[in-house]
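Here are my notes for anyone opening this one for the first time. Have the viewer ready and go through the points in order.

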Amino acid sequence: MKILITQYIPTEGLRDLLENHEVIMPETGGFTFEEQKEHIKDTDILLSLFNSPVPKELMEVAPNLKMISNFGVGYNNIDLNYAKERGVIVSNTPDPVTLPTAEHSMGLILAVMRRISEMDRKLREGKVADWKVMSNLGNTLNEKTLGIIGLGKIGQATAKLAQAFGMNVLYYSRNQKSETEEQELNTVWVALDDLLRSSDVVSLHVPLTAETKHMICTKEFQLMKNSAYIINTARGPVIDEKALANALENREIAGAGIDVFEEEPKIHEKLFGFDNVVLTPHIATGTIETRIETAKCAADNIMAFIAGEEVPNRVL
Ligand code: NAP
């Protein structure tokens with residue numbers, strides 16, 4: 001089989017693939033789209049990454065393409081309608097990215113509520129003249145309410161970490177969990193508007209779909225408490241970024257921790273101007289351990305497909 005990997009990923013995770021198949025992967029960085037179009041022509045399997053598009057234009061020049069093993073849990077980068085039409089199997093890598101993403105969500109909650117990034121930045125700039133007891137105050141996490149939107153794998157992992165900090169957790173998803181599951185997770189379902197009204201922190205963990213695009217817009221920010229924070233490690237377009245900037249400007253919310261953006265790598269200019277916003281460049285899964293585990297998971301999906309077995313983590 002010929003396998004195209006569009007960006008360099010750790011080879012520790014790819015041993016079986018490299019030993020047994022023809023693998024094309026850049027030595028560093030990533031192939032340009034034009035290079036991908038060239039390499040994919042006689043490719044059987046594509047190992048693509050969550051941060052680069054796999055449109056019809058790329059798939060249609062690959063008559064042998066049978067499978068796309070996407071590196072990452074989100075797969076909104078792939079034209080699924082066309083893949084389906086072509087009968088191309090698609091898989092993702094949910095398990096390795098669950099805990100790191102939840103860790104990053106907690107990191108953003110801590111950074112924004114305890115003003116860690118802001119104080120670090122101001123200290124370096126010589127702007128913290130005032131070390132008095134009633135200066136530079138943030139908010140305690142303990143006993144605050146965390147509203148999780150999308151209580152899937154990452155939402156649940158975030159709930160557990162937040163509970164260790166003494167937070168109470170509410171959630172909203174389209175489907176309510178069973179009573180037993182809710183008891184185990186120590187959380188209750190509430191309608192979206194109620195979650196927005198009653199949470200001190202709202203954290204997003206839904207996939208990007210037609211339904212979730214701009215799920216958080218002007219009206220939703222107006223429902224939130226003025227003292228509440230919003231955290232997004234899901235996908236940028238779930239929040240209307242312009243509405244976020246307006247909500248911060250009008251002090252409708254207290255701050256934000258944002259890892260993903262509407263038009264990555266572009267960021268709405270106004271967001272750079274707020275001290276109560278923590279921005280990270282889509283690094284929620286960015287640890288070396290996670291990259292190795294994710295590469296291994298994407299490769300295992302491929303090996304199962306080649307062996308004619310059921311593909312684990314198949315999404316299409
Ligand atoms: P998951 O296990 O599939 O969970 C997604 C949750 O969203 C489910 O509970 C689902 O429940 C809910 N949901 C889906 N559509 C919804 C809607 N329209 N309204 C309300 N709830 C909805 O996925 P996951 O592994 O937790 O990952 C979630 C997302 O995080 C991924 O899709 C990815 O885009 C993002 N992510 C980002 C990073 C990063 O680097 N920043 C890393 C990993 C993942 P119902 O079906 O009951 O609604």
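The points below start at the ligand and then move on to single residues, salt bridges and a surface patch.

1. First, a word on what you're looking at: this is a predicted model. Please keep that in mind for every distance and area below.

2. Start with the ligand. It has 26 residues around it, and the closest are Lys-153, Ile-154, Arg-174, Asn-175 and Thr-233. Asn-175 also makes a polar contact there: an N or O atom in its side chain sits 2.9 Å from a ligand oxygen atom. Gly-152 uses its backbone instead, with an N or O atom 3.0 Å from an oxygen of the ligand. His-282 brings a polar side-chain atom to 3.1 Å from a ligand oxygen atom. How much of the ligand's own accessible area does the protein cover? On its own the ligand has 920 Å², and 86% of that is covered by the protein.

3. Next, look at Thr-93, in the loop between strand 5 (89-91) and helix 5 (94-113). Is it buried or exposed? Thr-93 has a relative accessible area of 0%, so it counts as buried. Leaving out residues up to four places away in sequence, it touches Asn-70, Phe-71, Gly-72, Val-73, Thr-294, Cys-297, Ala-298 and Asn-301. With Gly-72 there is a polar contact too, as the Thr-93 side chain reaches the backbone nitrogen of Gly-72 at 2.7 Å.

4. Thr-93 also leads us to a residue far along the chain. Lys-296 is 203 residues away in sequence, yet the two C-alpha atoms are separated by 9.2 Å. Lys-296 itself pairs with Asp-300 in a salt bridge, 3.4 Å from N to O. The two are four residues apart in helix 12 (residues 288-306), so about one helical turn separates them. Both partners count as partly exposed: Asp-300 at 34% relative accessibility and Lys-296 at 39%.

5. Now the salt bridges in general. The structure holds 19 of them. One that's worth finding joins the side chains of Asp-275 and Arg-121, 3.4 Å from N to O. Why does this pair tie together separate parts of the chain? Asp-275 lies in the loop between strand 11 (255-258) and strand 12 (277-279), while Arg-121 is in helix 6, so the bridge links parts that are 154 residues apart in sequence. Asp-275 is partly exposed at 36% relative accessibility, and Arg-121 is partly exposed at 31%.

6. Stay in helix 6 for a moment, where you'll also find Lys-122. This lysine is buried, because its relative accessible area is 19% and the cut-off for buried is under 20%. Beyond its sequence neighbours up to four places away, Lys-122 touches Lys-127, Val-128 and Asp-275.

7. For a bridge within one helix, try Arg-197 and Asp-194, whose closest N and O atoms are 3.0 Å apart. They sit three residues apart in helix 9 (residues 192-198), so about one helical turn lies between them. Arg-197 is partly exposed at 43%, and so is Asp-194 at 38%.

8. Last, the surface. Which residues make the nonpolar patch of about 360 Å²? Val-133, Met-134 and Leu-137 do. Met-134 lies in the loop between helix 6 (116-124) and strand 6 (145-149), and at 65% relative accessibility it counts as exposed.

Key
Residues are numbered from 1 along each chain as its sequence is written. This is a predicted model: local features need pLDDT of at least 70, side-chain atom pairs count only at pLDDT 80 or more; totals for chains, interfaces and linings use all residues. Side-chain values use heavy atoms; hydrogens and water are left out. Patches are made of residues with over 30% relative accessible area and no salt bridge: like charges are joined within 9 Å, nonpolar side chains (Val, Leu, Ile, Met, Phe, Trp, Tyr) within 5 Å. Accessible areas come from the Shrake-Rupley method with a 1.4 Å probe; for residues, only the protein chains shown count as cover. A salt bridge is a side-chain nitrogen of Lys or Arg within 4 Å of a carboxyl oxygen of Asp or Glu. Buried means under 20% relative accessible area, exposed over 50%, partly exposed in between (1.4 Å probe, protein chains only). A residue is near a molecule or strand if one of its heavy atoms lies within 4 Å of it. A polar contact is a pair of N or O atoms within 3.5 Å; within protein, one must be able to donate a hydrogen and the other to accept it, and residues adjacent in sequence count only if both atoms are side-chain atoms. Contact means heavy atoms within 4.5 Å.
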